[in-house]
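Please look through the structure below, then read the short report that follows. The report starts with one term and then works through the fold.

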Amino acid sequence: MRPLCTIDANGKTRFIDGDLELTGERKRASLIEPVNPLLRLLFRAIRSQVCDSGSWSEWTRCWPCRWRVNLTPVGGPIFGNFGQRRTALKVERRWLERHWL
């Protein structure tokens with residue numbers, strides 16, 4: 001997947017790409033997380049202790065549960081009740097392309 005990028009008049013750069021290697025400050029634009037509140041709590045607890053790559057992170061991405069898109073880090077909504085995480089990822093990317101970049 002090709003990274004998407006914008007640079008505003010003040011030189012602020014925004015990227016959409018989970019695998020892009022950048023230097024400097026990086027901020028998460030959104031979260032794909034379980035709909036179930038107890039699973040979401042466990043998910044956040046685990047993910048706060050591990051990096052975005054590795055076996056624990058990969059395991060949390062494979063949970064057989066309903067998923068939602070949380071765009072509050074960029075002032076967006078929380079929505080969805082997706083049966084597959086990859087569906088939530090597609091919806092997340094479309095929203096960021098239209099409303100955030």
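## A term to start with

A residue counts as buried when its relative accessible area is under 20%. Over 50%, a residue is exposed, and in between it is partly exposed. Take R68: its relative accessibility is 15%, so R68 counts as buried.

Keep in mind that this is a predicted model.

## The chain at a glance

The chain has 101 residues, and 31% of them count as buried. Its surface exposes about 7100 Å². Carbon and sulfur atoms supply 53% of that area.

There are 3 helices and 5 strands. Starting at the N terminus, the order of elements is β-β-β-α-α-β-β-α. How many of the contacts between residues at least 6 apart in sequence join residues at least 24 apart? The share is 45%.

## The sheet

Three strands form an open sheet in the order β3-β4-β5. Their pairing is antiparallel. Which strands stand at the edges? They are β3 and β5, the latter spanning residues 78-82. Each has a single partner strand, so one side of each is left without a neighbour in the sheet. On average, neighbouring strands are turned by 25° against each other, direction ignored.

Now look at one pair of strands. β3 and β4 are joined in the antiparallel sense over 4 bridges. At one place, P34 has W67 of β4 as its bridge partner.

## Helices across the sheet

Two helices lie over these strands. Helix α1 lies across β3 and β4. It runs at about 130° to β3. Helix α3 lies across β3, β4 and β5. Its angle to β5 is about 150°.

## The nonpolar core

In soluble globular proteins, nonpolar side chains tend to be buried together. Here, the largest nonpolar core has 15 residues. Which residues have the most contacts inside it? They are W63, W67, V69, A88 and L96. Three elements give two or more residues each: α1 (37-49), β4 (67-70) and α3 (85-99). Of these, α3 gives the most, with 4 residues.

V69 is worth a closer look. Leaving out residues up to four places away in sequence, V69 touches L31, I32, P77, I78, F79, F82, A88 and E92.

E92 sits in helix α3. Is E92 buried or exposed? Its relative accessible area is 13%, so E92 is buried. Again leaving out residues up to four places away in sequence, E92 touches S30, I32 and V69.

## Salt bridges

The count comes to 4 salt bridges. One of them joins the side chains of E33 and R68, with N and O 2.8 Å apart. This pair links distant parts of the chain. E33 is in strand β3 (residues 31-34), R68 is in strand β4, and 35 residues separate them. Both partners are buried: E33 has a relative accessible area of 1%, and R68 is at 15%.

Two other salt bridges lie within helices. In the first, R61 pairs with E58, and their closest N and O atoms are 2.8 Å apart. Why are R61 and E58 about one helical turn apart? Because they are 3 residues apart in helix α2 (residues 55-61). E58 is partly exposed, at 43% relative accessible area.

In the second, R93 pairs with E97, and the closest N and O atoms are 3.2 Å apart. These two are 4 residues apart in helix α3, so about one helical turn separates them. R93 counts as buried at 15% relative accessibility. E97 counts as partly exposed at 35%. Elsewhere, salt bridges that share partners join E33, R44 and R68 into one network.

## Putting it together

Strand β4 ties several of these points together. It pairs with β3 over 4 bridges. It is one of the elements that give two or more residues to the largest nonpolar core. R68, in strand β4, forms a salt bridge with E33 in β3. Helices α1 and α3 both lie across β4.

Technical notes: Residues numbered from 1 in each chain as written. Predicted model: local features only at pLDDT ≥ 70, side-chain atom pairs only at ≥ 80, totals over all residues. Heavy atoms only, no water. Core = buried A, V, L, I, M, F, W, Y, C linked by side-chain atoms within 4.5 Å. Buried < 20%, exposed > 50% of the residue type's maximum accessible area, 1.4 Å probe, protein only. Contact = heavy atoms within 4.5 Å. Areas by Shrake-Rupley, 256 points an atom, 1.4 Å probe, with all protein chains shown as cover. Pairing = 2+ DSSP bridges. Axes fitted to C-alpha atoms, helices over the stretch in contact; angles between N-to-C directions.
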